[in-house]
Amino acid sequence: MPNMDRPIIGVIGVGKVGETLARLCYQHGYSIGAIYNRSLGKASNLAQSLASIATHDAFDVVKYCDLIIVSMSDDA
């Protein structure tokens, strides 16, 4: 259950690491405000399970969240 005293977390990049970090943060009481991934379907699936929103634009994550996890491959 999200804790309103903690920063709202955003996630850019929903690979193995990004998804795992998002789920762990949520399980530890952080609210996941927005999720961006090149594949909107993958972001949407994760967002549904974390009471969050999936966005078409990475800049939306920055607008809606206090703390951003950027999890992309080095060559991206």
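This text walks through a predicted model, from its nonpolar core to its charged pairs.

Start inside. The largest nonpolar core has 12 residues. From the N-terminal side, its members include I9, V11 and V14. A22 and C25 belong to it too, as do I32 and I35. A43, L46, A47, L50 and I69 are also members. Four elements each supply at least two residues of this core: strand β1 (9-12), helix α1 (16-27), strand β2 (32-36) and helix α2 (40-49). Of these, α2 gives the most, with three residues. In soluble globular proteins, nonpolar side chains tend to be buried together.

One core member deserves a closer look. A47 belongs to the core. Set aside its neighbours within four places in sequence, and A47 is in contact with I35, S52, I53 and A54. Of these partners, I35 is itself listed in the core.

Next, the loop between β1 and α1. G15 has its place there. Its relative accessibility is 28%, so G15 counts as partly exposed. G15 and N37 are 22 residues apart in sequence. In space, their C-alpha atoms are 8.5 Å apart.

Now the aromatic rings. The count of aromatic pairs comes to zero. A ring does take part in another kind of arrangement: R6 lies over the face of Y30. The distance from the ring centre is 4.6 Å.

Last, the charged pairs. How many salt bridges does a search of the whole structure find? The search finds two.

One joins E19 to R23, with the closest N and O atoms 3.1 Å apart. Both residues lie in helix α1. They are four residues apart, about one turn of the helix. E19 has a relative accessible area of 26%, so it is partly exposed. R23 is partly exposed as well, because its relative accessible area is 31%.

The other salt bridge joins K63 to D60. Here too, the closest N and O atoms are 3.1 Å apart. K63 and D60 are three residues apart in helix α3 (residues 58-64), so about one helical turn separates them. Is each partner buried or exposed? K63 is exposed, because its relative accessible area is 61%. D60 has a relative accessibility of 17%, so D60 counts as buried. The cut-offs behind these labels are under 20% for buried and over 50% for exposed. This salt bridge therefore links an exposed lysine, K63, to a buried aspartate, D60.

Conventions. Residues are numbered from 1 along each chain as its sequence is written. This is a predicted model: local features need pLDDT of at least 70, side-chain atom pairs count only at pLDDT 80 or more; totals for chains, interfaces and linings use all residues. Side-chain values use heavy atoms; hydrogens and water are left out. A nonpolar core is a set of buried Ala, Val, Leu, Ile, Met, Phe, Trp, Tyr and Cys residues joined through side-chain atoms within 4.5 Å. Buried means under 20% relative accessible area, exposed over 50%, partly exposed in between (1.4 Å probe, protein chains only). Contact means heavy atoms within 4.5 Å. Rings of Phe, Tyr and Trp (its six-membered ring) pair if their centres lie within 6.5 Å; planes under 30 degrees apart count as stacked, over 60 as edge-to-face and the rest as tilted. A charge sits over a ring if NZ of Lys or CZ of Arg is within 6 Å of the ring centre and within 35 degrees of the ring normal. A salt bridge is a side-chain nitrogen of Lys or Arg within 4 Å of a carboxyl oxygen of Asp or Glu.
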